[in-house]
Amino acid sequence: MSRSRLFGILFSGFLVLSLVGVAQALTPLEELGKFLFFDTNLSTPPGQACASCHAPETGFTGPDSEINDTQVAYPGAIHTRAGNRKPPTAAYGGFSPNLHFDEEEGLFIGGMFWDGRATGWTLDDPLAEQAEGPFLNPLEQANPNAKSVCTKVAHSDYAGLFEQVWGPGSVDPVHGVELMYERIARSISAFEQSQDVNPFTSKYDYYLEGLATLTAEEAEGLALFEGKAMCSACHISEPGEGGLPPLFTDFTYDNLGIPANYEIPFYRAQRKYNIDGYEWFDHGLGGFLATVPEYSGMAEENISKFKVPTLRNVDQRPYPDFVKAYGHNGYFRSLEEITHFYNTRDVEPWPEPEYGETVNHDELGNLGLTPEEEAAVVAFMKTLNDGFVPETVAKSAGEAERLLLTRSVDDSRAVFRFNLASGSHARLDVYDLRGRRLARLADGWIGAGTHQYPFATDRLASGVYFARLVADGQIATTKFTFVK
Ligand code: HEC
Ligand code: HEC
C-alpha cells in the first residue's frame, strides 16, 4: 500500500470519529502519540520516557533543575550513561523542513537535532525520524531493538488505540516490526505537531494580534532584538505574510563560539563512547555532513555549527529559581548570561570557543548594548512563553477556557470546528507552512455556540497546513497533513 493511500484512509478514519460528535483537542493519532511520548515503560530498564528529557513544564526541554545546573546532559535509562548535548525543545520542531542545501543562500537549512542528522530524507518527516532514535540509543532509552519497543507497545494500555488508529492487525511485533516501529514514530511526531505542543499562545502572539500590550521594557527589548542586537537575523520575530506567527528560528546552522562545557560527563565517558576524552569537541553539522557522500566536501566549513533553536518557551520554567541550560552544550545557565555573551564575546575575557575556525564574527560578539538594554532583550524573550492569558479573558471567564480548534480532513475537504462561550469577532485563516494564507474562512461577528467551517481541499497539494483562529480574545492554532 502506498503511503499516500495509507494517509487517505487514516484521515477518513478521523472523519468518522469526529462525526461521533465529541469535540476533542487531540485527534486519535495525536492522542496515541501522547501516550507514547509520556510512557516511562518504553525504556530498558523501564523508567524513562521522551518526557523525562522533554517536559511540558519547561517548554519540552529538560525538567531537572539540578541536572541543568550541573552536568546538563541527561542520564539515560541506564543511569551511569549520559549523552553529550542539552535536550533542545521538542516543540515547534514540526515546522522544520527536511535538511537541504539552499543554493541561493549557500547554506544548510532544516532537519532535526542540534546537528541536523534526523534529516527527513527517509520518512519525509524529520520529527518522525528523530523519534525513531531515542528508544534505541544506548545513552537514552537503551532498548536493544525495535522489536522490544513494539512488544512493549503491544502490551500497553493504549494498544487498542494503536489498532484503532493504524488498522486491524497493526499491533504485530512479530511480523511487522519495521512498519509498526515507523508508525510509533509517526504517532509521536503527530503529537509533537499538535495544538498541545504548539499552541502559539505566548504574550507575543497576543501582542501581534492586538490582544495584549508589551511593557515599556519588553517593547524596548523587541526593538533591540530586531535592531541593534540583531537577534532576529537568525531568530525570526516577524509574522509571515498574512499573519503566520513567527517561529524564532530560520532553521539554519551557526557557530556562535560558545566555549566548551567540561561539566558534561561525556568527556569522562568510557572509551567506546568517547575515544578522545577531554580533546573531544562537538563537530555539529559538519560531523554529520562528513558521513554523507553528497555533502562531505562541505563538512569542514560546517564543523561546530549548530541548528538555530526556536526561542519560543525559552523562559518556560515551573518556578522562578528553576535553572535552565542554554546552547547545545548548556554552557549558559540563564538568559542574562547568554545575552551578555552575544553582547561581549569579543570584548570581554570569555574562554576560547569550543572550535574556533568557523565562528560567526558578523552578527555577534560586540553589540555595544548597555546593561539596561541587555535586560530589555531578556524581558522580551520572556514574552515568548506559551500559556499567556490576556486580561480580558481572565476577567470574563474567571478561569480562562482555552479556545479549541478541532479539525477533520478527508479526501475532498477539511472541516474546522470551534466553540465560542459568547458572541465575538472571529477570524479563521488557513496557511501553508511557508506562511502564505490560502483562505480566510471567517472574519466577522459570530454568536455563541459551536461553529463549523468546511474548507475544500481538492486543489490543495499534498503537504502540511495549519489553521489559526482568533476569537473571544483568544488564539487557537491547529496543524494538519493533507495527502492526495
Ligand atoms: C535522555 C534524555 C532524552 C530522551 C529520553 C529523549 N530525548 Fe529527545 N533529545 C535529547 C537530546 C540530548 C537531544 C539533542 C541531541 C542531539 O542534538 O544530538 C534531543 C533532541 C530531540 C529533538 C530535536 C529537536 C530539534 O529541534 O532539533 C526532538 C524533537 C526530540 N528530542 C524528541 C524526543 C522524543 C520524541 C523522544 C522519545 C522517543 C526523546 N526525544 C527522548 C534528550 C532526550
Ligand atoms: C547568527 C545567527 C544568530 C543570531 C544573530 C542570534 N542567535 Fe541565538 N542562537 C543561534 C544559534 C545557532 C544557537 C545555538 C548555538 C549553539 O548551541 O551552539 C542560538 C541559541 C540561542 C539561545 C539558546 C536557546 C536554547 O534553547 O538553548 C538563546 C536564548 C538565544 N540564541 C538568544 C539570542 C539572542 C537574545 C540574540 C540577540 C542578542 C541571538 N540569539 C542572536 C543563532 C543566532
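Let's start with one pair of residues. Leu-428 stands opposite Ala-442, and Ala-442 is in strand β8. Keep in mind that this is a predicted model.

What does this pair belong to? Strand β7 covers residues 424–432, and strand β8 covers residues 437–446. The two run antiparallel. Eight bridges join them. Here is another pair to find on your screen: His-425 faces Trp-445 of β8.

How do β7 and β8 connect? They form a hairpin, with four residues between them. Look at Gly-435 in that turn. Its phi is positive, about 90°.

Now the partner on β10. That strand spans residues 463–471. It pairs with β7, again in the antiparallel sense, over seven bridges. Take Arg-427 as your marker. Its bridge partner in β10 is Val-470.

A word of background. Strands of a sheet pair through backbone hydrogen bonds, either parallel or antiparallel.

Put the strands together. We get an open sheet of four, in the order β8-β7-β10-β11, with antiparallel pairing. Which strands stand at the edges? They are β8 and β11, the latter being residues 474–482. Each has a single partner strand, so one side of each is left without a neighbour in the sheet. From one strand to the next, the twist averages 10°.

On to the helices. I have two crossings to show.

The first involves α5, residues 146–154, and α7, residues 177–192. Their axes come within 9 Å and cross at roughly 70°. Angles of 65 to 115 degrees count as roughly perpendicular, so α5 is roughly perpendicular to α7. The crossing is left-handed. Which residues meet there? From α5 we have Ala-146, Lys-147, Val-149, Cys-150 and Val-153. From α7 come Val-177, Met-180, Tyr-181 and Ile-184. By class, that contact has eight nonpolar residues, no polar ones and one charged.

The second crossing pairs α11 with α12, which is residues 371–381. These axes also come within 9 Å, and they cross at roughly 130°. That makes α11 oblique to α12. Left-handed or right-handed? The crossing of α11 past α12 is right-handed. On the α11 side, the contact uses Leu-335, Glu-336, Thr-339, His-340 and Asn-343. On the α12 side, it uses Glu-374, Val-377, Val-378 and Met-381. The classes here are four nonpolar, three polar and two charged.

Last topic: the ligands. There are two shells to look at.

Ligand 1 has 27 residues around it. Which come nearest? Cys-50, Cys-53, Phe-113, Trp-114 and Pro-134 do. Helix α4, residues 126–131, gives the most to this shell, with three residues. The shell divides into 15 nonpolar, eight polar and four charged residues.

Ligand 2 has 26 residues around it. Nearest are Cys-231, Cys-234, Asp-254, Gly-327 and His-328. Which helix gives the largest share? It is α11, residues 335–344, with four residues. We met α11 a moment ago, crossing α12. By class, the shell around ligand 2 has 19 nonpolar, five polar and two charged residues.

To recap: an open sheet of four strands, a left-handed crossing of α5 and α7, a right-handed one of α11 and α12, and shells around ligand 1 and ligand 2. If you want one place to begin on the screen, go back to Leu-428 and Ala-442, standing opposite each other. Thank you.

Definitions and conventions. Residues are numbered from 1 along each chain as its sequence is written. Chains are lettered from A and ligands numbered from 1 in the order in which they are written. This is a predicted model: local features need pLDDT of at least 70, side-chain atom pairs count only at pLDDT 80 or more; totals for chains, interfaces and linings use all residues. A residue is near a molecule or strand if its C-beta atom, placed from the backbone, lies within 6 Å of it. Ala, Val, Leu, Ile, Met, Phe, Trp, Tyr, Cys and Pro count as nonpolar, Asp, Glu, Lys and Arg as charged, and the others, Gly among them, as polar. Axes are lines fitted to C-alpha atoms, for helices over the stretch in contact, and angles run from 0 to 180 degrees between N-to-C directions. Angles under 35 degrees count as roughly parallel, over 145 as roughly antiparallel, 65 to 115 as roughly perpendicular and the rest as oblique. A crossing is left-handed if the near helix is turned anticlockwise from the far one by less than a right angle, and right-handed if clockwise. Two residues are in contact if their C-beta atoms, placed from the backbone, lie within 7 Å. Two strands pair if DSSP finds at least two bridges between them.
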